[in-house]
Each structure stands twice: as structure tokens, then as C-alpha cells.
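Subject: Structure handover

Dear colleague,

I am passing on the structure we spoke of, followed by notes on what was found in it. Please read the notes with the structure open.

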Amino acid sequence: MAYVFRLRQWELRQLSAVHRVSKPTRAEKARRLGYKAIQGVSIFRVRIRCGGRKRRLHKGIVHGKPRNQGVNEQKHFRNLRSIAEERVGRRCGNLRLLNSYWVAEDGSYKWFEVIMVDPQHNAIRRNPTSTGFASPLTATVSSAAS
């Protein structure tokens, strides 16, 4: 199994940071989170660089008290999964976020798959089980979350 993961990570590293995939890598997880193989529902895979956040400073100079002198070991407030969701939302402004899940990781990157729904698609609008995506209330909630 470790060999399969290593091969998959090599394949994922060759692809762009945000790309659309035809089917989910973890089908059972995607279906538990609401994915259905119908038109209007798409999956994007996102690569996020791991590690802490480095403070952006000119020449690494911090003016102030010693407690604020840190440059390298800054912690980001948000987790990497929410950053992945935001990047897909920025790229695909017409789609709505449904959910996301972890796919793989190595020493440098983490990969997440983000499930997106097209609320204007007729297959979504006419489906009684997914009518919540086309309602105006969901638009404000999903745009605030992303």
C-alpha cells in the first residue's frame, strides 16, 4: 500500500496546483460528504504547501520588543483544508462549495479534493434532493464560508 501511495504522490506532484479531476480518488469518502456522479457536480484537486508561515519582512528586520522578533515559526490561523477550499472558490467563482477531504501528503505538500456544485445547471436545479444549492440562502452561506 505504501508503494501505491508513493506512486500517487509522484503523479500528483507532476500536475498543476489546482486542477479538475474526472472522478474522486476516495469515492466512499466523497459520497459520504455529498458527492454524486451527476452533471453539475465536479471535483477539484488542490496542492497546498505544508509548513509554518514566514513573516514577510524586509531583510528579516522586526522593529519592536523581543517578544515580536519571530520570523520563521509563525503559525497560520486557518488550516490547510480551508485554504484549499478558498483557492478553488477563487478560481471557480460560479460554483458553490459542497465539501472537501484529504487525499495525500508528503514532506512538502498536502493534497485535498474539493467538491463543487454548479447551482445554475439544470440537473441540479431540477433534482429534488439537491434543490438547496440553487436557493438564494445557500448562496450567501457558501460565499461567506469560502
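With which side chain does the side chain of E113 make a polar contact of 2.4 Å? The partner is the side chain of T25. Please keep in mind throughout that this is a predicted model.

**E113 and its surroundings**

E113 sits in strand β4. Its relative accessibility is 0%, so E113 counts as buried. Besides the contact with T25, the side chain of E113 has a polar contact of 3.2 Å with the side chain of R45. Beyond its neighbours within four places in sequence, E113 is in contact with V21, P24, T25, R26, I43, F44, R45, N99, S100, Y101 and V103.

**S100**

One of those contacts, S100, belongs to strand β3. S100 is also buried, because its relative accessibility is 3%. Two polar contacts involve its side chain: one of 2.8 Å to the side chain of R81, and one of 2.4 Å to the side chain of E85. With neighbours within four places in sequence left out, the contacts of S100 are L33, R81, E85, E113 and V114. The C-alpha atom of S100 is 6.7 Å from that of F112, which is twelve residues away along the chain.

**Nonpolar cores**

The largest nonpolar core has 14 residues, and the members that touch the most others are Y35, V41, I43, Y101, W111 and I115. At least two residues of this core come from each of β2 (41–49), β3 (96–105) and β4 (109–117). Strand β4 gives the largest share, four residues.

For I115, the contacts outside its neighbours within four places in sequence are A30, L33, Y35, V41, S42, I43, R96, L97, L98, N99 and Y101. Another core, of twelve residues, lies apart from this one; its members include V18, F44, I48 and L95.

**Helix α1: Q9 and the surface patch**

Q9 is placed in helix α1, which covers residues 2–14. Its relative accessible area is 15%, so Q9 is buried. A polar atom of the Q9 side chain is 2.6 Å from the backbone oxygen of E105. Again setting aside neighbours within four places in sequence, Q9 is in contact with A104, E105, D106 and W111. W111 appears above among the core residues that touch the most other members.

L7 is in helix α1 as well. With a relative accessible area of 39%, L7 is partly exposed. L7 is part of a nonpolar surface patch with M1, Y3, V4 and F5, and together these residues have about 540 Å² of accessible area.

**Salt bridges**

Side chains of opposite charge can pair when their charged atoms come close. With a cut-off of 4 Å between a side-chain nitrogen of Lys or Arg and a carboxyl oxygen of Asp or Glu, the count is five salt bridges.

One of the salt bridges joins the side chains of R13 and D106, at 2.8 Å from N to O. R13 is in helix α1 and D106 in the loop between β3 and β4, so this pair ties together parts 93 residues apart in sequence. R13 is partly exposed, at 35% relative accessibility, whereas D106 is buried, with a relative accessible area of 18%. D106 is also one of the residues in contact with Q9.

E86 takes part in two of the pairs looked at here. The side chains of R78 and E86 form a salt bridge of 3.1 Å, N to O. In the salt bridge between R90 and E86, the closest N and O atoms are 3.3 Å apart. R90 and E86 both belong to helix α3 (residues 80–91), where four residues, about one turn of the helix, separate them. As for accessibility, R90 is exposed at 61%. Through shared partners, salt bridges link R78, E86 and R90 into one network. The other two members of the network are partly exposed: R78 at 36% relative accessibility and E86 at 25%.

Regards

Technical notes. Residues numbered from 1 in each chain as written. Predicted model: local features only at pLDDT ≥ 70, side-chain atom pairs only at ≥ 80, totals over all residues. Heavy atoms only, no water. Buried < 20%, exposed > 50% of the residue type's maximum accessible area, 1.4 Å probe, protein only. Polar contact = N/O pair within 3.5 Å; in protein donor to acceptor, adjacent residues only side chain to side chain. Contact = heavy atoms within 4.5 Å. Core = buried A, V, L, I, M, F, W, Y, C linked by side-chain atoms within 4.5 Å. Patch = residues over 30% accessible without salt bridge, like charges linked within 9 Å, V, L, I, M, F, W, Y side chains within 5 Å. Areas by Shrake-Rupley, 256 points an atom, 1.4 Å probe, with all protein chains shown as cover.
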